[in-house]
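Me: I have a model to go through with you. Let us take it one question at a time, with short answers.

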Amino acid sequence: CGEPQAHQLIHNIKIPRGGKQIDMFEHSESKPILAQHGASSDALSETELARAASFAGPRRASTTNLEQSLQDAGSSSAGSSSPRSRSSVAPATVVERGAGVCIGALLNLMLCVPFALAYFPIEWHPFPVPRAMGCSMYFLSTVIAQAVLTFQSGFATAQGQMMVENIPFMHAIATVAMEHQGLGEDALGTVLIIWTVGTLFVGAAFFALGYLKVGSIVYHIPRQVIVGCIGGIGIFLVRTCFEVSTGLPFGPELLGSVWPLWALSVAYEIGLRILLRCDGVTRRTGPLLAPIYFLAIVPTFYLLLFMKGATIHDAREAYFLFPNTPDVSPFLPVEVMAQTVRRGSFSWRAFVKALPTTAMLAIFALMHVPINIPALAATVHVDYDLNHELKLHGVSNLASGLVGGLPNYLGYC
């Protein structure tokens, strides 16, 4: 969430030095921030430039503090403002923190079911185990990420999440296993093991970037590439959610038969866009407008259901609610992988064929965190250490992979 804006925010920084303008990223089309503030290269010392831009070291300032530093550059005041660290933030009240925790938890609950049920292609039918197994996998990865970030991250409001953007790669890996081993439990075990290897790849890559202090390498990827990848993932997820919600393959007939389903979603989206353009509403709610709106969807849905006189069964038959699923052990994925290994039915041919896709999964995962971290820092006005946060992501993903979990990251919503 918010990654294209964050990426644009990072790419719009140009620093004049020695009478010449240095573009940190040459494909940026925005005006230099320094020029906007009327600062000349003679008025800025090397120390002030380093402090203002905060690109010389691993610790980066938020955009608000960057502009403030640029405004104060050249002045004799030594007490210029600096971003707040986690330890310097005043303690929030129980009510304030409690509200944030509730919103974060409810958003994760709302995200869990649709994404978790979309881990496996709809063409995999019959599925050897309940598809609700994906929910336990989502929560396992999310809990591990949250535990690591809560105790070690520089962000007091860090929220860990399973990395849902990798679902298209997960589908591609599952398709490879289905081609080699069919639709049985052996193919499922192979898929889960390959996913686990991918999580370990992601963890090792994150930790290496942080340890070697080269996390900023992602900023050299053109903005259009990242925005295109994120847009493509969004299109894929919309299509997959239609299939998961209805159990039917995507196509014109599906859209026509379940038009109330997507029409209601479009109506909610239009409502949010209208509210975001109302200055009076945004001034009162601030950044909480979107989370509050998302959380209000559930009670308003049931209110509409009650006003129409429909039952829960009717809503489930019309695909507005997911079907009931049997209870699933949280250790089911590990049990399936262990049985696959004991039977010797793991497909090495499928593993080799899926290896390029697994590598692409790891590379794509690396794009999100160096974008989310600066965006979150700019929002909450907190100083941070990019390399430290990357190492934490390495630890959380390695821990997730060692217990058969999926990739995770710091969410920015």
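Me: Is K213 buried or exposed?
Reply: This is a predicted model. K213 is found in the loop between α8 and α9 (223-246). The cut-off for exposed is over 50% relative accessible area. K213 has 53% relative accessibility, so K213 counts as exposed.

Me: What is the phi of K213?
Reply: Most residues other than glycine have a negative phi. K213 is not a glycine, yet its phi is positive. The value is about 60°.

Me: Which residues does the cis peptide bond join, and what is omega there?
Reply: Most peptide bonds are trans. Here P126 is found in the loop between α5 (94-116) and α6 (133-152). The cis bond joins H125 and P126, with omega about 5°.

Me: How many salt bridges does the structure hold?
Reply: Side chains of opposite charge can pair when their charged atoms come close. E179 pairs with K353, D186 with R343, and R273 with E269. The number of salt bridges is three.

Me: How many residues apart in sequence are the parts tied together by E179 and K353?
Reply: The closest N and O atoms of E179 and K353 are 3.3 Å apart. E179 lies in helix α7 (residues 167-181) and K353 in helix α16, so the pair links distinct parts of the sequence, and the separation is 174 residues.

Me: Which of these terms, exposed or partly exposed, fits E179, and which fits K353?
Reply: Exposed needs over 50% relative accessible area. E179 has 52%, so E179 counts as exposed. K353 has 47%, so K353 counts as partly exposed.

Me: Which helices hold D186 and R343?
Reply: D186 and R343 form a salt bridge, with the closest N and O atoms 2.7 Å apart. The pair ties together parts that are 157 residues apart in sequence, because D186 lies in α8 and R343 in α15 (residues 332-343).

Me: What is the relative accessible area of D186, and what is that of R343?
Reply: The partly exposed class starts where buried, under 20%, ends. Both residues are placed in that class. D186 has 29%, and R343 has 43%.

Me: By about how many helical turns are R273 and E269 separated?
Reply: The side chains of R273 and E269 meet in a salt bridge, at 2.7 Å from N to O. R273 is partly exposed at 49%, and E269 is partly exposed at 35%. R273 and E269 are four residues apart in helix α11 (residues 259-276), so the separation is about one helical turn.

Me: What term describes how α16 and α17 lie to each other?
Reply: Helix α16 (residues 348-380) packs with helix α17 (residues 386-402), their axes 11 Å apart. Their crossing is right-handed. The angle is about 130°. Angles of 65 to 115 degrees count as roughly perpendicular and those over 145 as roughly antiparallel, so this value falls outside both. The pair is therefore oblique.

Me: What is the handedness of the crossing of α8 and α16?
Reply: Helix α8 (residues 185-211) packs with α16 at about 40°, with the axes 9 Å apart. That makes α8 oblique to α16. The crossing is right-handed.

Me: Which helix gives the most to the nonpolar patch?
Reply: The patch is formed by M110, F294, V298, Y302 and I312, with about 390 Å² of accessible area together. V298 sits in α13 and is partly exposed at 38%. The helix that gives the most, with three residues, is α13 (residues 289-308).

Note on methods. Residues numbered from 1 in each chain as written. Predicted model: local features only at pLDDT ≥ 70, side-chain atom pairs only at ≥ 80, totals over all residues. Heavy atoms only, no water. Patch = residues over 30% accessible without salt bridge, like charges linked within 9 Å, V, L, I, M, F, W, Y side chains within 5 Å. Areas by Shrake-Rupley, 256 points an atom, 1.4 Å probe, with all protein chains shown as cover. Salt bridge = Lys/Arg side-chain N within 4 Å of Asp/Glu carboxyl O. Helix = DSSP H or I, 4+ residues; strand = E, 2+ residues; numbered from the N terminus. Buried < 20%, exposed > 50% of the residue type's maximum accessible area, 1.4 Å probe, protein only. Axes fitted to C-alpha atoms, helices over the stretch in contact; angles between N-to-C directions. Parallel < 35°, antiparallel > 145°, perpendicular 65-115°, else oblique. Left-handed = near helix turned anticlockwise from the far one by under 90°.
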